[in-house]
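I opened this structure to look up how its helices pack and where its nonpolar cores lie. My entries are below.

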Amino acid sequence: MRKKVSIFLAAVMAASMLTACSSSETAQSGATQEQTEASVQTQTGEESASFAEQTADGQTYKVGVLQLTEHAALDASNEGFIAALDASGIIYKVDQQNAQNDQSACQTIATKLVSEENDLILAIATPAAQAVAGATSEIPIVGTAITDYAEAGLVNDNEAPGTNVTGTSDLTPVTEQIDLLTRIFPDAQRVGILYCSAEANSQIQAEMAIAACEEKGLSSETFTVSSSNEIQTVVESMVGKVDVIYAPTDNTIAAGMATVSMVATDNGLPIICGEAGMVEAGGLATYGIDYYQLGYLAGEMAVSILKGEASPAEMPIGYLDASKCELTVNEETAAALGVDLSVLDE
């Protein structure tokens with residue numbers, strides 16, 4: 001059980017997830033999935049409702065989607081993107097692909113989407129975008145759930161991409177999340193920052209968290225995994241060394257939050273998370289952005305590109321309104337930890 005409260009943040013964000021491969025091809029967002037003998041999932045569906053609303057030239061656009069892995073935030077981004085395409089009234093067919101957090105699968109899927117000459121490719125999460133960008137410099141690429149496009153080598157500059165890539169950033173309000181940590185745990189002294197070392201954008205957030213902890217007079221220590229197989233061991237190693245765990249919007253950790261939460265909660269360690277899906281999976285609390293709206297914004301950008309109204313090279317990276325974020329808490333986790341969240345109502 002959780003409760004959500006709309007919260008206004010004072011700071012403005014500056015410019016921020018795996019070995020089977022799943023594929024899908026559909027013309028609507030509500031399709032079903034079937035597992036094939038080759039461990040490939042296929043979605044099928046009838047034409048999208050948007051097909052009934054014909055565009056001026058009647059063109060049907062081919063849109064490929066490469067999602068890094070399955071977890072709440074990335075799924076919500078995908079749903080928001082499709083909703084924006086539907087709302088635009090364009091005619092489109094979408095090929096949904098999921099790499100299940102496998103980088104080699106990302107490369108294979110990226111090559112497939114490019115060879116099929118899609119009109120535009122949506123890349124959800126940094127590794128997915130890097131794989132697609134490495135496969136084509138001509139097909140427009142719109143990314144989402146990516147922290148910093150320039151740091152990830154996807155664009156020349158976040159304000160003026162200069163490449164075939166643009167999209168929306170999920171840059172997390174890390175400072176406000178550390179503030180939340182200190183409000184709930186005013187006596188905490190040691191913060192363990194948990195993330196995957198293979199994710200460049202997680203490193204950016206970790207550095208921001210270290211700086212925020214230092215400003216609050218907290219000591220911090222990083223604990224990294226290189227794959228989901230290391231999560232349990234690494235979280236167990238944090239017991240007795242830290243008072244609170246901070247986990248940013250890291251795809252590997254988000255996908256493995258059930259394991260993180262199990263070990264941490266059993267050992268009395270609360271987790272302040274980078275996004276709401278991680279809280280729903282067992283974390284304690286977060287201030288986070290709405291990934292559905294992030295995906296929707298990416299979808300609106302994609303529509304402009306498909307219609308020829310804009311070019312990725314000239315389209316700045318998009319951000320959600322940084323003055324608003326959502327506070328999400330997990331009351332079941334709070335009860336299990338014996339944490340009083342009434343301080344958040346003050």
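The notes that follow take the cores, then one helix, then two helix pairs.

Entry on sources. I am working from a predicted model, in which local features need pLDDT of at least 70, side-chain atom pairs count only at pLDDT 80 or more, and totals for chains, interfaces and linings use all residues. Residues are numbered from 1 along each chain as its sequence is written, and side-chain values use heavy atoms, with hydrogens and water left out.

Entry on the cores. I looked up the largest nonpolar core (a set of buried Ala, Val, Leu, Ile, Met, Phe, Trp, Tyr and Cys residues joined through side-chain atoms within 4.5 Å; buried means under 20% relative accessible area, with a 1.4 Å probe and protein chains only). It has 53 residues, and V63, L66, F81, L85, L120 and L154 touch the most other members. Elements that each supply at least two residues include β5 (60–67), β6 (91–98), α1 and α10. Helices (H or I, at least four residues) and strands (E, at least two) are DSSP runs, numbered from the N terminus. The largest share of this core, 8 residues, is from α10. Apart from this core I found another, of 28 residues, with I178, L181, A334 and L341 among them.

Entry on L66. Beyond its neighbours within four places in sequence, L66 is in contact (heavy atoms within 4.5 Å) with residues including Q97, C106, L122, A128 and V132.

Entry on α3. Its buried residues are T126, P127, A128, A129, A131 and V132. Their cover includes β5, α2, β7, β8 and α5 (200–215).

Entry on α1 and α10. Helix α1 (residues 72–88) packs on helix α10 (residues 291–306) at about 40°, with axes 6 Å apart. Axes are lines fitted to C-alpha atoms, for helices over the stretch in contact, and angles run from 0 to 180 degrees between N-to-C directions. The two helices are therefore oblique (under 35 degrees counts as roughly parallel, over 145 as roughly antiparallel, 65 to 115 as roughly perpendicular and the rest as oblique). Residues of α1 in this contact include F81 and L85, which meet a set in α10 including Y292 and L294. By class, I noted 14 nonpolar, 5 polar and 2 charged residues.

Entry on α6 and α8. Helix α6 (residues 231–238) and helix α8 (residues 257–266) pack at about 30°, with axes 9 Å apart. That makes α6 roughly parallel to α8. The contact involves I231, Q232, V235 and E236 of α6 and T259, V260, M262, V263 and A264 of α8.

Note on methods. Ala, Val, Leu, Ile, Met, Phe, Trp, Tyr, Cys and Pro count as nonpolar, Asp, Glu, Lys and Arg as charged, and the others, Gly among them, as polar. Buried means under 20% relative accessible area, exposed over 50%, partly exposed in between (1.4 Å probe, protein chains only).
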